[in-house]
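User: Could you walk me through this model and explain where its descriptions come from?

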Amino acid sequence: MHDVAVIGGGVVGCALLRRLALHGLDAVLLERGRDILSGASKANSALLHTGFDAPANSLELSCIRAGYSEYFDIHESLGLPLVQTGAVMVAWNETQQARLPSLLAKAHANGILDVRAISPAEIDRLQPGLAPGALAGLHIPGEHVIDPWSAPLAYVRQAMAHGATVIRDCEVLDGVLEDGIWRLVTPRGDVQARIVVNAAGLYGDLVERLARIPPFEIRPRKGQFVVLDKSAHAAVRTIVLPVPDERTKGIIVCPTAFGNVIVGPTAEEQTARDQAATDTATLEALVARGREILPALAGHAVTATYAGLRPATERSEYRIEALPDQQWISVAGIRSTGLTAALGIARHVLDLFRRHFGPVADEAVPVSTPVPNLCESLPRRWMQPDAGEIVCHCERVTRSEIEAALSGPLPAGDLGGLRRRTRAMLGRCQGFHCAGRVARLAAGRLPEFPENQP
Amino acid sequence: MRLGIRDIVVLERDAEGGGIPRLCAHPGFGLKEFHRILHGPEYARRLVAAAAGIDLRTGHALLGVDPDGTLRIAGPDGPGVLRARAVLLALGTRETPRSARLVGGSRPWGVFTTGALQQLVHGAHQRPCRRAVIVGSELVALSNLLTFRHAGITPVAIVEEASHTLAPRALAWAAGVAFRTPVLTDARPVAIHGTHRVEALEIDHHGHRRLLACDGVIFTGRFVPDAAPLVGSSITMDAGTGGPVVDQYGRTAIPTIFAAGNVLRPVEPSWTAWTEGRAVAQAMAGQLAGRLPVPTHRTTLSAAPPLRFVCPQQWSEPSPLQVALPMQVRSGDDVSGRLRLTAHGEELWGHRARLRTGRRIPVGGRLDDVAPGAEVLVEVVRPN
């Protein structure tokens with residue numbers, strides 16, 4: 001029997017597993033997908049947020065701030081990049097300009113004291129080449145770009161080094177609390193734990209039914225993105241934010257850690273939890289919007305398109321709560337700030353655990369479990385004198401990186417997992433050149449590439 | 001054909017030389033080069049054999065080109081540089097994948113380019129789908145039908161956005177008769193459906209939405225030069241071709257760097273690439289021997305819409321050497337009229353022509369006598 005079962009291997013579940021394991025708890029992560037990050041966490045804008053625009057005095061804000069600070073502390077020892085781009089919020093019309101003072105005041109009230117108002121000339125210095133017509137802006141120097149897939153992988157691998165277990169392809173079908181022990185029914189057999197943490201993201205309300213009538217309803221909110229070719233990267237120095245309105249933070253243009261540029265996201269409500277479809281008209285509009293904001297983006301090809309689902313609820317705030325009688329902790333409604341907030345959420349959940357379910361050990365000295373670097377601005381494997389064969393030339397992925405991702409304590413569970421761990425096949429040719437080589441290396445080890453094809 | 005050049009290095013990023021034909025396991029190669037019809041892999045083997053004795057460095061990729069012509073490369077030993085008195089860029093081409101076409105829907109397994117499918121089938125012995133739709137009707141669609149037959153994949157349909165197939169009529173015939181495959185023209189892929197695996201391709205056919213049930217979608221053709229290492233370098237690129245701007249000898253903006261083959265523009269058959277490679281090699285040898293002087297001026301040609309591009313894009317002052325790259329244009333539309341070459345509005349060459357989308361049309365005439373700096377235009381004048 002485990003001390004804790006965490007349901008959901010998204011970025012929140014991975015960070016939770018790490019925090020619990022660091023405090024000596026025997027924790028198990030149950031993920032319904034073939035690999036971690038199969039739901040909401042596989043597709044986001046990859047930003048490390050300061051919380052400058054988060055709701056004042058909210059749990060979300062404190063989790064973002066704690067997560068932000070912890071990421072700074074641990075990223076180097078985990079091999080994770082931190083691309084210190086800063087962000088520029090640009091007001092293009094007077095209505096937007098009129099909102100800036102209150103946004104600035106909010107940022108300062110939120111404790112982000114280095115946010116300041118800037119003139120069009122300063123905007124141009126921070127991000128040359130923007131379309132003419134910027135009236136005013138804010139500079140948010142602390143907003144940064146990270147690798148959204150390596151970070152949770154690093155968390156979960158550190159958790160495993162501290163004794164945690166990860167079971168994938170393991171949807172929780174049912175569960176009962178009997179004699180103080182949760183018995184969770186999964187296709188991989190029953191899993192027993194004293195406490196259950198529901199970090200099921202897009203399935204949060206369905207999983208919550210095991211403990212109670214869910215007081216929240218997951219309403220997936222889709223965001224579509226386009227990824228532009230690496231050739232566009234030099235044109236984008238910082239994160240370019242629009243002035244948000246009540247409904248959405250709006251379309252941003254920003255560099256990625258992998259040397260691309262992304263434009264997105266949209267905000268579209270839908271009911272489906274398992275599918276995030278793009279549509280041509282929206283993608284075309286995103287490409288056009290990117291060029292409108294930064295004309296130098298014209299002429300750069302689209303490398304990839306994707307859509308992610310934010311696990312929003314009917315209310316805007318995080319829904320984190322301990323249910324002492326049910327031996328249950330709900331972690332729901334973690335919307336677009338989850339990537340940053342995850343580490344802070346994990347600390348908050350540990351506090352809840354301590355308060356309601358008993359003492360835990362002090363934090364162990366973390367075992368260093370660095371993940372391979374995929375960030376373009378830091379040394380990559382192909383740059384080493386013993387690089388060996390390069391398999392994917394668009395993203396310069398070596399054979400040794402692919403082989404490493406297919407083995408070890410948490411090998412890629414499907415092709416998506418391999419792509420997220422290595423970037424193979426994620427470049428401009430999308431596998432035109434390397435699909436066969438990747439398939440030969442992965443044959444029999446990923447469901448997409450069976451050993452003996454019937 | 002070493003033309004007296006002793007010290008030659010070939011950089012190939014794959015594990016073997018021979019290029020794309022290695023994976024085209026069907027006939028259609030070598031008639032001109034080897035006087036017989038060969039399968040792609042055999043053709044590639046013969047080409048590599050013909051280059052026996054040359055220092056072929058596989059596993060080496062071009063990363064970029066410095067302004068002085070130094071090549072930045074990556075190999076099994078990490079990054080490095082290479083300097084040569086003359087360089088031929090033969091980077092080839094690739095297809096435009098689903099993402100760059102902005103086709104919507106989900107992202108399940110089962111969406112490939114021809115290149116990816118051929119490698120999965122022939123290189124990795126996989127059968128990644130059972131019933132697949134072919135998007136695009138360029139000649140490469142036929143190559144897919146042959147790969148399908150080899151792998152036991154049923155072709156559901158060929159879907160073409162234009163109002164007619166882009167490959168010669170033989171394709172439509174072959175598809176319809178030999179492979180029992182419907183060819184749907186005026187049909188645009190809209191969205192891919194499926195969660196883990198492709199379940200259907202949604203198309204807009206003559207303005208009506210239709211679902212084609214399938215577990216694979218192959219995006220074929222719409223080739224683009226594989227010129228990424230040149231972007232941002234001192235080599236001028238042409239937005240029309242997607243490749244480097246070259247003169248009639250294949251010289252790029254860096255005069256020691258030449259280019260030939262499908263890196264120059266969207267795709268030509270292998271024998272054309274082969275012919276161009278040999279012709280530009282002659283120019284390179286000529287330049288090394290001092291018979292092709294560094295140009296003092298180059299006349300730049302432009303192509304008026306609906307022409308998509310003219311290639312070569314520049315004409316340098318004449319030399320005793322033969323022109324390596326005959327001038328050609330491609331149209332972005334079906335159009336008929338007088339195709340003409342003008343300098344300052346004066347016609348240097350003209351010909352009645354019927355241009356079909358994406359097909360090569362040769363342009364005659366020479367620009368040897370055109371004054372430096374002249375505005376040279378290739379255009380189609382439509383009859384009133």
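Analyst: Happy to; here are some questions about confidence, helix packing, domains and the contact between chains.

User: What makes chain B a confident part of the model?

Analyst: This is a predicted model, so confidence is a good place to start. Chain B has an average pLDDT of 93, and 100% of its residues score at least 70. On the scale used, pLDDT runs from 0 to 100. For the model, ipTM is 0.95 and pTM is 0.95.

User: Why are α1(A) and α8(A) called oblique to each other?

Analyst: Let's take the angle. Helix α1 (residues 11–22) of chain A packs against helix α8 (residues 338–357) of chain A at about 40 degrees, and their axes are 8 Å apart. Angles under 35 degrees would count as roughly parallel, and 65 to 115 as roughly perpendicular. The pair falls in neither class, and α1(A) and α8(A) are therefore oblique to each other. As for handedness, the crossing of α1(A) past α8(A) is right-handed.

User: Which residues of α1(A) and α8(A) meet, and of what class are they?

Analyst: On the α1(A) side, V11(A), A15(A), L16(A) and R19(A) are among them; on the α8(A) side, they include L339(A), A342(A), A346(A) and L350(A). Sorted by class, this contact has twelve nonpolar, one polar and three charged residues.

User: How do you know that α3(B) gives the largest share of the side of chain B that touches chain A?

Analyst: The contact brings 38 residues of chain B together with 41 residues of chain A. Elements of chain B that each supply at least two residues to this side are β7 (78–82), β10 (104–105), β11 (111–113), α3 (114–123) and β15 (187–193). Of the elements, α3(B) supplies the largest share, with five residues. That side of chain B divides into 18 nonpolar, 14 polar and six charged residues.

User: What makes up the domains of chain A, and how do domain 1 and domain 2 of chain A touch?

Analyst: The domain assignment gives chain A domain 1 (2–48 + 148–216 + 315–357), domain 2 (86–143 + 219–310) and domain 3 (381–442). Taken over C-alpha atoms, the centres of domain 1 and domain 2 of chain A are 30 Å apart. Their contact takes eleven residues from domain 1 of chain A and 17 residues from domain 2 of chain A. The domain 1 side of this contact has six nonpolar, three polar and two charged residues.

User: And which domains does the assignment give for chain B?

Analyst: For chain B there are domain 1 (60–94 + 224–381) and domain 2 (99–219). Their C-alpha centres lie 32 Å apart.

Definitions and conventions
Residues numbered from 1 in each chain as written. Chains lettered and ligands numbered in written order. Predicted model: local features only at pLDDT ≥ 70, side-chain atom pairs only at ≥ 80, totals over all residues. Contact = placed C-beta atoms within 7 Å. Helix = DSSP H or I, 4+ residues; strand = E, 2+ residues; numbered from the N terminus. Nonpolar A, V, L, I, M, F, W, Y, C, P; charged D, E, K, R; others polar. pLDDT = per-residue confidence, 0-100. Axes fitted to C-alpha atoms, helices over the stretch in contact; angles between N-to-C directions. Parallel < 35°, antiparallel > 145°, perpendicular 65-115°, else oblique. Left-handed = near helix turned anticlockwise from the far one by under 90°. Domains from an automatic or database assignment.
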